[in-house]
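Visitor: I'd like to learn how to read a few features straight off a model. Could you walk me through this one?

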Amino acid sequence: MATPDDGIPIVDPEIHRLLAEFQAETRPLEALQENLNSLRGRGEAANGEVEVEVLPSGALSGLKIHPRALRLGSEALAEAVLAAANNAATDAARQMSDMMVGGLSPFAEEARRFSREQG
C-alpha cells in the first residue's frame with residue numbers, strides 16, 4: 001500500500017491512483033533536474049592550450065592552462081581564458097536548451113490543450 005512521506009497509509013484507491021499518476025507525470029521533471037545538476041559546459045582557446053569548465057550558472061568549475069600557454073604572455077593568456085570561458089558558457093547554454101526541449105516535450109501537448117481550452 002502506498003504511503004505519503006509521513007508514513008500514513010493511503011486507503012482510498014482513488015487517491016492511490018491519483019498519487020501514482022502524479023508521480024509518473026513528474027518523473028520526467030525529476031530526470032531533467034538531475035541532468036541539469038550534472039551539466040558542465042566545456043570550452044577551449046589558444047589551440048586547446050586553455051580549457052575551461054563551467055556550471056549551468058556560468059560559474060567556473062575547472063581551468064587547465066597547459067605549460068605552452070604560458071608563452072602567450074599575460075594579456076594573450078587572459079584573453080584566452082576569457083574566450084575559453086565564453087565558449088564553455090555557450091556550450092552549457094546549448095546543452096541546457098537541448099535538455100529543456102527534450103525534458104519538457106512530454107508536457108507540450110498538455111500545455112497546448114490547456115491553452116486551447118482557455119482561449
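**Contacts, sheet, core and charges**

Guide: Let's start with L36, which touches P56, M96, M99 and M100 once residues up to four places away in sequence are set aside; contact means heavy atoms within 4.5 Å. Bear in mind that this is a predicted model, where local features need pLDDT of at least 70, side-chain atom pairs count only at pLDDT 80 or more, and totals for chains, interfaces and linings use all residues. Residues are numbered from 1 along each chain as its sequence is written, and side-chain values use heavy atoms, with hydrogens and water left out.

Visitor: Where does L36 sit, and is L36 buried or exposed?

Guide: L36 is in helix α1 (residues 13-38); helices are DSSP runs of H or I with at least four residues, strands are runs of E with at least two, and both are numbered from the N terminus. L36 counts as buried because its relative accessibility is 17%. The cut-offs are under 20% for buried, over 50% for exposed and partly exposed in between (1.4 Å probe, protein chains only).

Visitor: How do I read the sheet, and in what order do the strands come?

Guide: Strands of a sheet pair through backbone hydrogen bonds, either parallel or antiparallel. Here 3 strands make an open, antiparallel sheet ordered β1-β2-β3; two strands pair if DSSP finds at least two bridges between them. β1 (41-45) and β3 (60-65) are at the edges with a single partner strand each, so one side of each has no neighbour in the sheet. Between β1 and β2 (residues 50-54) there are 5 bridges, and G43 faces V52 in β2.

Visitor: Which residues touch the most other members of the largest nonpolar core?

Guide: A nonpolar core is a set of buried Ala, Val, Leu, Ile, Met, Phe, Trp, Tyr and Cys residues joined through side-chain atoms within 4.5 Å. This one has 13 residues, and V50, V52, V54, L77 and A84 touch the most other members. α2 gives the most, with 7 residues. Beyond four places in sequence, A84 contacts G43, E44, A45, V50 and V52.

Visitor: And how many salt bridges are there?

Guide: Side chains of opposite charge can pair when their charged atoms come close. The search finds 6 salt bridges, each a side-chain nitrogen of Lys or Arg within 4 Å of a carboxyl oxygen of Asp or Glu. E14, R17 and E21 form a network: E14 to R17 is 2.6 Å, and E21 to R17 is 2.8 Å. E14 and R17 are 3 residues apart in helix α1, so about one helical turn separates them.
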